[in-house]
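Please work through the exercises below with the sequence and the coordinates at hand. Each task is followed by a solution that proceeds step by step.

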Amino acid sequence: MADTYNIEAAEILANEALRLTISEAVPIYEQLLATFPTAARYWKQYVEAHMAANDDDATKQIFSRCLLTCLQIPLWRCYIRYIRKVNEKKGVEGQEETRKAFDFMLSYVGADVASGPVWMEYITFLKSMPAQTTQEESQRMTAVRKAYQKAIVTPTQHAEQLWKDYENFENSVSRTLAKGLLSDYQPKYNSARAVYRERKKYIDEIDWNVLAVPPSGSYKEELQWLAWKRLLAFEKGNPQRIDSASSNKRIVFTYEQCLMYLYHYPDMWYDYATWHAKSGSVDSAIKVFHRALKALPDSEMLKYAYAELEESRGAIQPAKKVYESLLGDGVNATPLSHIQYIRFLRRTEGVEAARKYFVDARKSPNCTYHVYIAYATMAFCLDKDPKIAHNVFEAGLKRFMHEPGYILEYADFLSRLNDDRNIRALFERALSSLPPEESVEVWKRFTQFEQTYGDLASMLKVEQRRKEALSRTEEESQSPLDISLQDVVSRYSFMDLWPCSSKDLDHLARQEWLSKNINKKVERSTLADGAAVVDKASSGLLNNSNSSAKVVYPDTSRMVIYDPRQKSGPSGPGVPAVSSTLTGPSAVAPVAGGTPNAPNEFLKATPPALLAFLASLPTVEGPSPDVDFVLSICLQSNIPTAQIGKSVNPSKQLQTGPAPSTSDLSGSSKPHPVPSGSSFKTTRDRQSGKKRDRNGQDDDDTATVQSQPLPRDMFKIRQLQKARGAVARGAVSQTGSTSYGSAFSGELSGSTG
């Protein structure tokens, strides 16, 4: 499918066809158009090649194949050029044929927003038609006036130019008549221009150069689908407030253009056909379904929708043909097609026809237990014949005793009959033949049945048998803790009513998980350097934790212990360096069952742009700093700009002005280096330091403004700027340290050390 609809390969073929002769290019064009039957640019390229070869028969045949399904202005203008070329030497007869071709074209694509040049070309052609008599001149003026009046009420991008030309035309004919006509059409023109502006917003969201391919679920395809949906909703709202016939014509045109690009979307075909049916045009809806099934012959959804439409209007034979097409030769028929055909026959031809077909369907190799259940249910619910239904279930039991789904449906049917004895017999027969791993749901239903129909002794007996049978599916026998309060909760709950709180349910779920894994052996392996101890059985415990829906445990076997000594190159343990990322081995040492190639597998799945970004990041050893805090330091620091080519002496830099202190946030003002392995204080520590400063508990606290994060409040930012200015103008001590006060409190301290 992907190779068939390869757009790049299609473009290469189309470009190659341009360089070939028409006889050599025909097979390529036919191949392209068989894959992309609504690609207007390929049709245009194909027909232009025949026009260049002066092959009129082939040209006409191609136009007849593509014009009505490809409502695109460039293709239709190519058609009108061909018609004018053919009829230019035929005199009056040729001009009449050309005029009819213009009318034909405008009836299909005249509503396009890009049809302005077509209207102008048509009007110019009408003006050029010869008029020998006064009557012919009057007819020509009337034809030109009608063309102008249609053009100016059509929302196109050339509406303003057409209106100006129409004004000039009417004024050149009769100023007195022009005043009345222009005043009548001025509101219609204004409405068309306003609608064009609104419509353009929706049209600009559509990519008009894409080819029609089956949906793959990509984001771009979803955007296109949404854009077409919005445009269709806009057109269905009749924004121009025109008559219903004109509005419906506009909607049909939009649907036809939409299906040029969403040709393989069954929902758009169904939407189009349904709109026709709701508008009262069932025949048009049927034609749409015919086209849809030609475009998507394997779509069962569209076939059922089409058969439903035919059946709803009383056309039984066409609907029956659709169902028979779903069945095919019967060998490859799906169980669903058998079921739906039985139901159709029951609705249209009666009970006997449905029974007869069911007897034949039983012999099909693709007949599953679903067909038996569907027919038995139909006989019981529609025909009110429980005996027939019971016989069908019994017949199916001989073939599908190994299917838990069939057993459960048969049990439901017997429950409706209130036949508890046969239900018990059914469960006993089924559980004696089903393997333990496939009997979980049957045991569960058997337990629920005994809770409803049985007494306490039978309930307890079935539950005990269930535990014994299902214990064989586990690696080890169940522990004594498995007999817990959970069984009581199961017996005495009803629908959404529970004999305990949700907290108790969570507690019982955890207890159930622990009871299942209490006998698991834990193997411990110690690293050579004593860095960590890893539980190898944790991944096995994780697989058995499905019984507790709300408890999620990590897979500790895939965890990696951080240790700088395990580094095998310049890259850090988190993000590999450029060399190790692209060529070298990973710097991460696997620990206790971890995957050695996990970083490489991650890098393989990483997009190229993100991989390039990760490769350019600096390596970080140890805990990473608080990014917001570092940025606030950089933003608030007065970093001197050094000239290019000149080095800056650090001692001179200290003498020229106050340097920002690197004090920690606990309140100490003494500068000291920050070790590479240490981390910055948290926000809570900074807040506690500020509280101590406000209460006067640390008198020697001289935290600088640079040590505070950048405030978000505009008033506080202004205070910070004022503080900078005051320090720049103030005196500086010999040591070069100055106390600014708190940037958040807005208080400035003038003391210098």
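**Exercise 1.** Locate Asn418 in this predicted model, determine whether Asn418 is buried or exposed, and then treat Lys384 in the manner of Asn418.

*Solution.* Asn418 sits in the loop that links H21 and H22. The cut-off for an exposed residue is a relative accessible area over 50%, and Asn418, at 52% relative accessibility, therefore counts as exposed. As for the backbone, the phi of Asn418 is positive, about 60°, although Asn418 is not a glycine. This deserves a remark, since most residues other than glycine have a negative phi. Lys384, which is not a glycine either, has a positive phi of about 55°. Lys384 is found in the loop between helix H19 (369-381) and H20, and with a relative accessibility of 65% Lys384 counts as exposed.

**Exercise 2.** Check the length of helix H22 against the expected span, and work out how the buried and exposed residues are arranged around H22.

*Solution.* Begin with the length: helix H22 comprises 14 residues (420-433), which at 1.5 Å a residue should span 20 Å. The expected span is obtained as 1.5 Å times one less than the number of residues. The C-alpha atoms at the two ends of H22 are 20 Å apart, in agreement with that expectation.

Next, collect the buried residues of H22, which are Ile423, Leu426, Phe427, Ala430 and Leu431. Around the axis they cover an arc of only 120°, which means that they are on the same side of H22. Arg421 and Ser432, in contrast, are exposed on the other side of H22.

Finally, ask what covers the buried residues of H22: the cover includes helix H20 (386-399), helix H21 (404-416) and helix H23 (440-453).

**Exercise 3.** Describe the surroundings of Leu397, and state which residues form the aromatic cluster that contains Tyr369.

*Solution.* Leu397 belongs to helix H20 and, at 2% relative accessibility, counts as buried. Leaving aside residues up to four places away in sequence, Leu397 touches Tyr406, Ile407, Tyr410, Leu426 and Arg429. Of these partners, Leu426 is one of the buried residues of H22. The C-alpha atoms of Leu397 and Tyr369 are 8.9 Å apart in space, while the two residues are 28 residues apart in sequence. Tyr369 is in turn a member of one aromatic cluster, formed by Phe358, Tyr369, Tyr372, Tyr375, Phe380, Phe393, Phe400, Tyr406, Tyr410 and Phe413. Tyr406 and Tyr410, both touched by Leu397, are thus also listed among the members of that cluster.

**Exercise 4.** Classify the geometry of the aromatic pair of Tyr79 and Phe104, and say which helices the pair ties together.

*Solution.* A pair of aromatic rings is described by the distance of the centres and the angle of the planes. The structure holds 46 aromatic pairs. In the pair of Tyr79 and Phe104, the ring centres are 6.3 Å apart and the planes stand at 70°, so the pair is edge-to-face; the cut-off for this class is an angle over 60 degrees. Tyr79 lies in helix H5 (residues 73-87) and Phe104 in helix H6 (residues 91-109), so that the pair ties together parts that are 25 residues apart in sequence. With regard to accessibility, Tyr79 counts as buried at 12%, whereas Phe104, with a relative accessible area of 31%, is partly exposed.

**Exercise 5.** Identify the polar contact made by the side chain of Glu235, and find which backbone atom lies 2.9 Å from a polar side-chain atom of Asn238.

*Solution.* Glu235 lies in helix H11 and counts as buried, its relative accessibility being 2%. The side chain of Glu235 makes a polar contact of 3.5 Å with the side chain of Arg250. Apart from residues up to four places away in sequence, Glu235 touches Arg199, Ser247, Arg250, Ile251 and Thr254. Asn238 has its place in the loop between helix H11 (219-236) and helix H12 (244-261), and a relative accessible area of 17% makes Asn238 buried. The backbone atom sought is the oxygen of Ile242, which lies 2.9 Å from a polar atom of the Asn238 side chain.

How values were computed
Residues numbered from 1 in each chain as written. Predicted model: local features only at pLDDT ≥ 70, side-chain atom pairs only at ≥ 80, totals over all residues. Heavy atoms only, no water. Helix = DSSP H or I, 4+ residues; strand = E, 2+ residues; numbered from the N terminus. Buried < 20%, exposed > 50% of the residue type's maximum accessible area, 1.4 Å probe, protein only. Arc of directions from axis to C-beta. Contact = heavy atoms within 4.5 Å. Polar contact = N/O pair within 3.5 Å; in protein donor to acceptor, adjacent residues only side chain to side chain. Phe/Tyr/Trp six-rings, centres within 6.5 Å; stacked < 30°, edge-to-face > 60°.
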